[in-house]
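The following exercises concern the secondary structure and surface of a protein model. Each task is followed by a worked solution.

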Amino acid sequence: MELYIDTANLDEIKEAADLGVLDGVTTNPSLIAKEGVDYVKRLGEICEVVSGPVSAEVIATDFDGMMTEGRDRAKIADNIVVKLPSTVDGLKACKAMSEESIRTNLTLCFQPLQAMMVAKAGAFLVSPFIGRIDDIGADGMDLIRQIREIYDNYGYSTQVLAASIRHPMHVVECALVGCDVATVPFKVIKQFMNHPLTDSGLEKFVADYQKAFG
Ligand code: G3P
């Protein structure tokens, strides 16, 4: 499964890239607003650090506006993927951009038919939001399973990118279900290599060796 980081913070992106296993980055308007930086400038900076896909969301919500912004975002770097909302206008923009060979990530996907429609329109990625579904008392992983099954039934090439991930078990379940990609906040990525038995086991190995050989 590919691992993307879900942030617009450059320090977090650099630290995650240093792990050597980072495949891409997703951003959104809320994440950029949190950083208080210019979106286009920050996207350029991110693309200098990461060579894999970098999702750049449009702010416009109408077809024409999305096309204008999407084409501009695509010019920032070769690895930019234009992020569009899973709406009717987003679907049309997805189709038009795939005909122009601009890769797209269809975001804010909350039900399986949105995922089926954007796959038919040639989306490169679809982003079902697990955590936000869990937040309203439903099961976000159900959506992931449904999309995986639909895509496998018909051989759609759109990659399933699990988004709105809140904790490591979301990532484990995504890997078991067969997600293509998980985009994960930095604070969750940092937990991936943690286990108290690893720490105590390592401590004992070193202590035993030092006791025997000094
Ligand atoms: O990038 C979109 C997505 O990952 C948002 O996550 O935590 O705001 O629901 P969250």
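Helices here are DSSP runs of H or I with at least four residues, numbered from the N terminus. The model is predicted.

**Exercise 1.** Determine in which helix Met169 lies, how exposed Met169 is, and which surface patch includes this residue.

*Solution.* Step 1: Met169 belongs to helix H9, which spans residues 168-177. Step 2: partly exposed residues fall between the cut-offs of 20% and 50% relative accessible area. The value for Met169 is 47%, so this residue is partly exposed. Step 3: together with Val172 and Leu176, Met169 forms a nonpolar surface patch whose joint accessible area is about 320 Å².

**Exercise 2.** Identify the strands that pair with S6, and state where the side chains of S6 point.

*Solution.* Step 1: S6 (residues 125-128) pairs with strand S5 (residues 104-109) in the parallel sense, over three bridges. One bridge links Asn105 to Leu125. Step 2: strand S7 (residues 159-162) runs parallel to S6 and is joined to it by two bridges; Val126 has Val160 as its bridge partner. Step 3: Leu125 and Ser127 point one way from S6, Val126 and Pro128 point the other way, and all are buried. Step 4: helix H6 (residues 112-120) completes a right-handed β-α-β unit with S5 and S6.

**Exercise 3.** Explain how buried and exposed residues are distributed around helix H3.

*Solution.* Step 1: in H3 (residues 39-49), the buried residues are Tyr39, Arg42, Leu43, Ile46 and Cys47. Step 2: viewed down the axis of H3, these buried residues fall within an arc of 140°, and therefore line one face of the helix. Step 3: exposed Lys41 and Glu48 are carried on the face turned away from the buried side of H3.

Notes. Residues numbered from 1 in each chain as written. Predicted model: local features only at pLDDT ≥ 70, side-chain atom pairs only at ≥ 80, totals over all residues. Heavy atoms only, no water. Patch = residues over 30% accessible without salt bridge, like charges linked within 9 Å, V, L, I, M, F, W, Y side chains within 5 Å. Areas by Shrake-Rupley, 256 points an atom, 1.4 Å probe, with all protein chains shown as cover. Salt bridge = Lys/Arg side-chain N within 4 Å of Asp/Glu carboxyl O. Buried < 20%, exposed > 50% of the residue type's maximum accessible area, 1.4 Å probe, protein only. Pairing = 2+ DSSP bridges. Right-handed = clockwise from strand over helix to strand, strands pointing away. Arc of directions from axis to C-beta.
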